[in-house]
Amino acid sequence: MARTIFCTHLNKEAEGLDFQTLPGELGKKVFDNISKEAWARWMSKQTMLINEKKLNLMSPEDRALLEKNMVAFLFDGEDVQIDGYVPEQK
C-alpha cells in the first residue's frame with residue numbers, strides 16, 4: 001500500500017516517496033513532507049538547472065546551489081529561475 005503524506009509543496013494529501021532520497025536532516029524533511037509528484041517536478045527543474053548553468057556535480061559550490069534552489073522550490077514556494085528559458089504557451 002502506498003504511503004500517503006501531506007505534501008507541503010502541493011498543499012494536499014498525496015503519495016509519499018518510497019525511500020529517503022537524500023541523506024541527513026534535509027533528506028528526512030523531504031521524505032516526510034514531499035510527495036512523489038512534487039519530487040518529480042523538482043527533478044525536472046534540477047535537470048534544467050544542471051544543463052543550462054553547466055553545473056559540475058563534483059563541485060561543492062554547484063551542489064550547494066542545487067540544494068539552495070531545491071529548498072526554495074519545495075518548501076518556500078519559489079520557482080527556479082533559469083536564464084533564457086521561456087515556458088511553452090498552452
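Asp32 is partly exposed, with 31% of relative accessible area, and this residue makes a good starting point for a walk through the charged pairs of this predicted model. Its partner is Lys28: the two form a salt bridge in which the closest N and O atoms are 2.9 Å apart. Lys28 is likewise partly exposed, at a relative accessible area of 43%. Both residues sit in helix H1, which covers residues 24-33, and being four residues apart there, they are separated by about one helical turn.

Why can such pairs arise at all? Side chains of opposite charge can pair when their charged atoms come close. In this structure, six salt bridges were found, and the pair in helix H1 is one of them.

Other salt bridges reach across the sequence. Glu37 and Lys12 meet through their side chains, with an N to O distance of 3.9 Å. Glu37 belongs to helix H2 (residues 36-52) and Lys12 to strand S2 (residues 12-15), so this salt bridge ties together parts that lie 25 residues apart in sequence. As for their surroundings, Glu37 has a relative accessible area of 36% and is partly exposed, while Lys12, at 40%, also counts as partly exposed. The pair does not stand alone, for Arg41 joins Lys12 and Glu37 in a network of salt bridges.

Helix H2 takes part in a further link of this kind, through Lys45. The side chain of Lys45 meets that of Asp79 in a salt bridge of 3.1 Å, taken from N to O. Asp79 is found in the segment after helix H3 (60-75), so the pair connects parts that are 34 residues apart in sequence. Here the two partners fall into separate classes: Asp79 is partly exposed, with 49% relative accessibility, whereas Lys45 is buried, with a relative accessible area of 18%. The cut-off helps to place Lys45, because buried means under 20% relative accessible area.

Helix H3 itself offers one more residue to look at, Asn69. Is this residue buried or exposed? At 16% relative accessibility, Asn69 counts as buried. Which residues does Asn69 contact, once its neighbours within four places in sequence are left aside? They are Trp42, Leu49 and Val80.

Methods: Residues are numbered from 1 along each chain as its sequence is written. This is a predicted model: local features need pLDDT of at least 70, side-chain atom pairs count only at pLDDT 80 or more; totals for chains, interfaces and linings use all residues. Side-chain values use heavy atoms; hydrogens and water are left out. A salt bridge is a side-chain nitrogen of Lys or Arg within 4 Å of a carboxyl oxygen of Asp or Glu. Helices (H or I, at least four residues) and strands (E, at least two) are DSSP runs, numbered from the N terminus. Buried means under 20% relative accessible area, exposed over 50%, partly exposed in between (1.4 Å probe, protein chains only). Contact means heavy atoms within 4.5 Å.
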